[in-house]
Amino acid sequence: MTKRILSGMRPTGPLHLGHLFGALDNWVKLQKKYECFFMIADWHALMSEYEDPSRLPQYVIESAADWIASGVDPKKSAIFIQSHVKEHLELYMVFSNLVPLGWLERCPTYKEQLRELSSRKLHTYGFLGYPVLQAADILLYRANAVPVGQDQLPHLELTNDIAQKFNNLYGDTFKTIKPLLTKIPKLLGVDGRKMSKSYGNFIALGDSPEVIEEKCSQMFTDPKRIKLSDKGHPDECNLYAYYNLLRKGSAGEVYDYCTNAKKGCTQCKKDLSGVVSDYLSDIRKKRESLLKDKGKIEEILAKGAKKASKAASETMDGVRKAVGLI
Ligand code: TRP
Ligand code: SF4
């Protein structure tokens with residue numbers, strides 16, 4: 001039987017290069033080998049954005065467009081909205097009963113998010129339960145593997161702990177799931193920090209060439225190269241990492257002109273903006289054309305939800321029996 005994969009993203013902002021290299025490119029490859037379920041985690045988004053969800057609908061539709069434009073194929077994979085499959089909350093409720101508070105309070109991502117998003121009011125009942133819902137997402141589909149980045153590992157461990165506790169209480173129902181760690185190439189934001197929505201330092205998949213040029217012009221370069229005549233250190237320069245990732249063929253040339261002080265950083269940034277724009281040009285065109293026909297995106301999401309619901313309801317039928325719900 002084809003192995004099954006589930007993964008998801010929260011629709012809390014525009015998708016950017018970090019998402020493309022950190023997840024989407026990998027999803028596109030996995031489609032060839034696995035039966036894939038890709039979920040827009042809107043319930044999870046609402047856990048942190050509940051105070052102002054005004055842009056949530058836009059981000060949900062744009063996520064779908066960005067995924068498809070990046071190569072996720074709705075003919076092969078189910079692309080769906082979490083809240084459109086009712087079983088997620090049902091299984092979440094069942095798990096809520098058996099998860100000790102300590103497991104959640106100790107979760108490193110919980111503590112980290114409270115710190116990072118300190119401007120939001122996240123000392124809530126819902127936010128503490130974030131990983132419980134994620135466990136429900138995963139176990140609902142009886143996924144064999146979950147492609148995620150390193151940061152999500154504590155949630156997968158918790159998922160297995162929850163599955164085991166459920167099995168102990170109600171009989172063997174859930175299998176252990178494996179993380180499928182995605183190797184994330186090092187691509188920092190324009191300010192040299194991790195590329196992230198909360199830092200606003202990203203290049204979005206939908207950015208126009210003008211916006212890309214503006215963002216590239218702000219990028220941090222080798223701090224030791226001050227004058228044009230100073231020789232640069234590409235390995236310490238964020239721009240060089242971009243060249244390496246986006247256009248490996250020209251990285252050698254960049255290395256050469258940088259280390260020999262043959263070209264200035266201003267020109268190097270201008271050139272890079274061209275490279276990034278070219279790289280994203282097909283994705284940008286495809287997402288624009290998809291976004292012109294929202295009805296078509298909604299159709300894809302409805303089809304995805306139908307397929308997901310079928311898998312989810314099979315699991316939930318068994319769970320209801322196991323826990324004594326008639
Ligand atoms: N927590 C994940 C993130 O922030 C998103 C997510 C929600 C997810 N449910 C999931 C990822 C299930 C994998 C599987 O990136
Ligand atoms: Fe970085 Fe390019 Fe300047 Fe070298 S020339 S330091 S690679 S911006």
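How do the residues of the shell around ligand 2 divide into nonpolar, polar and charged? The split is seven nonpolar, one polar and two charged. Keep in mind that this is a predicted model, and let's look at what surrounds that ligand.

**Around ligand 2**

The residues around ligand 2 include four cysteines you can look up in the structure: Cys 237, Cys 258, Cys 265 and Cys 268. Also on the list are Thr 221, Asp 222, Arg 225, Leu 239, Val 254 and Tyr 257. Two helices, H12 (248-259) and H13 (265-291), each supply at least two residues of this shell. H12 gives the most, with three residues.

**The space it takes**

Where does ligand 2 sit? The space taken by ligand 2 is the largest cavity. The count comes to one cavity of 30 Å³ or more, and the volume of the largest cavity is about 100 Å³. It is lined by 13 residues, and those closest to its centre are Arg 225, Cys 237, Cys 258, Cys 265 and Cys 268. H11, H12 and H13 are the elements that give two or more residues to this lining. Once again H12 turns up: the largest share of the cavity lining, three residues, comes from H12.

**An open space too**

The second largest pocket holds about 270 Å³ of space. Its lining has 15 residues, with Lys 186, Asp 235, Cys 237, Asn 238 and Ala 241 closest to the centre. Both domain 1 (4-187 + 294-323) and domain 2 (209-287) contribute at least three residues each to the pocket's lining.

Here is how the two linings break down by class:

| Space | Nonpolar | Polar | Charged |
|---|---|---|---|
| Largest cavity | eight residues | two residues | three residues |
| Second largest pocket | nine residues | three residues | three residues |

**Two residues to find**

Try Leu 246, which belongs to helix H11 (residues 238-246). Is Leu 246 buried or exposed? Leu 246 counts as buried because its relative accessible area is 10%, and buried means under 20%. Along the chain, Leu 246 and Tyr 279 are 33 residues apart, yet their C-alpha atoms are separated by 6.8 Å.

Now hop over to Glu 35, in strand E2 (residues 35-40). Its relative accessible area is 24%, so Glu 35 is partly exposed. Glu 35 has a partner of its own to check: Ile 5 is 30 residues apart from it in sequence and 6.1 Å apart in space, going C-alpha to C-alpha.

Definitions and conventions:
Residues numbered from 1 in each chain as written. Chains lettered and ligands numbered in written order. Predicted model: local features only at pLDDT ≥ 70, side-chain atom pairs only at ≥ 80, totals over all residues. Heavy atoms only, no water. 1 Å grid on protein atoms, 1.4 Å probe; cavity = no way out; pocket = protein on both sides within 12 Å on 5 of 7 lines; lining within 4 Å. Points joined across faces, edges and corners; volume = space filled by probe spheres on them. Nonpolar A, V, L, I, M, F, W, Y, C, P; charged D, E, K, R; others polar. Domains from an automatic or database assignment. Near = heavy atom within 4 Å. Sits in = over half its atoms within 2 Å of the grid points. Helix = DSSP H or I, 4+ residues; strand = E, 2+ residues; numbered from the N terminus. Buried < 20%, exposed > 50% of the residue type's maximum accessible area, 1.4 Å probe, protein only.
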